[in-house]
Amino acid sequence: MAVTPPTIRRASAEDVAAITAIYAEHVLNGTASFDTVPRSHAATLAKLNECLSRHWPFLVAERAGEVLGYAYVTQFRDRPAYEHACENSLYVKASLRGEGIGAMLLGALVERAERRGFRQMVAVVGGGEAASVAVHLKHGFHHAGRMSSVGWKFGRWLDTVYMQRALGEGDSTPPDR
């Protein structure tokens, strides 16, 4: 029997508990995040509200009322000159990795970030995780750099891989102000 594909939609406050749980799973068991303590419900809600108030995309993948994963962008750095560059974050329930949910989320996120007016998207891949690198390559990202042994988690040094892709006209024209 075929599995119904998830719906990608804008996240809401009702999704915060599920988003918090998915992130906690990655923090406690994986290297995609260099956090060592899971984010609280209140901190997750604050992140969602910040993104929505700034009109930055924050999406969830949902099937039959269950949040399967989420993705969002924030401005790459908080200084004014970075306002046209964003950094993505993407997390899928560990039990569902490899089912294409991350690819669906990233595709939708790229589209919405471009519509928002961002010109560059950066992915900071914690631990250099191969699956994350692969899904970003599939969506037009290229390797932009690697920082070796910048994180210490689970008793070992971890690298961070930087990936980047242009959005819309990229750097071929000045941004609209």
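Reader: Which residue follows α2, and what is the sign of its phi?

Author: His-55 follows α2, and its phi is positive, near 65°. This is a predicted model, in which local features need pLDDT of at least 70, side-chain atom pairs count only at pLDDT 80 or more, and totals for chains, interfaces and linings use all residues. Residues are numbered from 1 along each chain as its sequence is written, and side-chain values use heavy atoms, with hydrogens and water left out.

Reader: What makes α2 a helix here?

Author: Helices are DSSP runs of H or I with at least four residues, strands are runs of E with at least two, and both are numbered from the N terminus. Helix α2, residues 41-53, has 13 residues.

Reader: Why is Gln-120 called buried?

Author: Buried means under 20% relative accessible area, exposed over 50%, and partly exposed in between, with a 1.4 Å probe and protein chains only. Gln-120 is at 17% relative accessibility, so it counts as buried.

Reader: What makes the pair Gln-120 and Gln-164 a polar contact?

Author: A polar contact is a pair of N or O atoms within 3.5 Å; within protein, one must be able to donate a hydrogen and the other to accept it, and residues adjacent in sequence count only if both atoms are side-chain atoms. The side chains of Gln-120 and Gln-164 make such a contact at 2.8 Å.

Reader: How do you know that β5 and β7 pair?

Author: Two strands pair if DSSP finds at least two bridges between them. Strands β5 (residues 120-126) and β7 (residues 156-166) have seven bridges, in the antiparallel sense.

Technical notes:
Expected span 1.5 Å × (residues − 1).
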